[in-house]
Amino acid sequence: MVSDREQFTVSTAQHVALGFDVAGLGDRFLATLLDYAVLGAYTISWILGLLVLTGGGLDGPWTLSLLVVGLLPTLVYFPFCELVFDGQTIGKRARGLRVIQTSGAAPTLGDLLLRWLLRPIDLWATSGFAAVATILYTGTGQRLGDLAAGTTVVEQRARTSLRETAFADLPADYDPTFPSAQSLDRDDIDTARRVLRRLAEPSEADETVRALAARTQRALLHRMDATTDLAPGPFLK
């Protein structure tokens, strides 16, 4: 079952692993109730306002037009709020929840619209069973709309500072030797690590491994558009 302690992890472009707490079913249910309470209060207020203005009648063509126009915002409430408020509706904000992509990025308008289009199946057509079943099955807090859009709902966490995500304490005037290393992807870094491990094993540190390290160095330098006088071993480290 999805609990408040379940997590999924994403890796940033800088190869820093970030863990997100998956939103619990209870919090998502309460957030949804709050959102529909807001929509219900808005709808009732709009209808009562029209009744007051028209003296109690809603059968005129202009009155019906105003009624329809006034209720249109309720149809797009979820994608509109989540787009404007960075993945949050009023209910989600109250419960400390947020919609994000499974990559950790902010959802796009297309993502939010896809979640919204599948909401009737998740919640209304199946009385919420489809949403609950898929959330429990995936373990990543994803209902059908999330699976289709590549999103999930997580607990909002306090922002972390750069110091908290660093691998080591560095002096304030630290100057990276290879700033263009940020252009390398995770596969490049993993390759460098594997070659370094082989270089560190005396039985494997033969001419073949040293030649592999040299080729790896040349390939990475080409990707980084950089040059160096370092030997392959120190460079990869």
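Tyr42 and Trp46 both belong to helix H1, which covers residues 25-54. They sit four residues apart, about one turn of the helix. This is a predicted model, and the structure holds four aromatic pairs. Here is a short tour of its rings and of a nonpolar patch on its surface.

**The pair in helix H1**
- Tyr42 and Trp46 form a stacked aromatic pair, 6.5 Å centre to centre and with 20 degrees between the planes.
- Tyr42 counts as partly exposed because its relative accessible area is 32%.
- Trp46 has a relative accessible area of 31%, so Trp46 is partly exposed as well.

**Rings around Phe78**
- Tyr77 and Phe78 make an edge-to-face pair, with 5.0 Å centre to centre and 85 degrees between the planes.
- Tyr77 is buried because its relative accessible area is 8%.
- Phe78 has 5% relative accessibility, so Phe78 counts as buried.
- Tyr36 joins Tyr77 and Phe78 in one aromatic cluster.
- Arg119 places its charged end over the ring of Phe78, 3.7 Å from the ring's centre.

**The nonpolar surface patch**
- A nonpolar patch on the surface has about 960 Å² of accessible area together, and its residues include Val68, Leu72, Phe80, Phe85 and Leu109.
- Helices H2 (61-75), H3 (77-84) and H5 (109-117) are the elements that each give two or more residues to this patch.
- Helix H2 contributes the most, with four residues.
- Leu109, one of the patch residues, is found in helix H5.
- Leu109 counts as partly exposed because its relative accessibility is 43%.

Methods: Residues numbered from 1 in each chain as written. Predicted model: local features only at pLDDT ≥ 70, side-chain atom pairs only at ≥ 80, totals over all residues. Heavy atoms only, no water. Patch = residues over 30% accessible without salt bridge, like charges linked within 9 Å, V, L, I, M, F, W, Y side chains within 5 Å. Areas by Shrake-Rupley, 256 points an atom, 1.4 Å probe, with all protein chains shown as cover. Salt bridge = Lys/Arg side-chain N within 4 Å of Asp/Glu carboxyl O. Buried < 20%, exposed > 50% of the residue type's maximum accessible area, 1.4 Å probe, protein only. Phe/Tyr/Trp six-rings, centres within 6.5 Å; stacked < 30°, edge-to-face > 60°. Lys NZ or Arg CZ within 6 Å of the ring centre and 35° of its normal.
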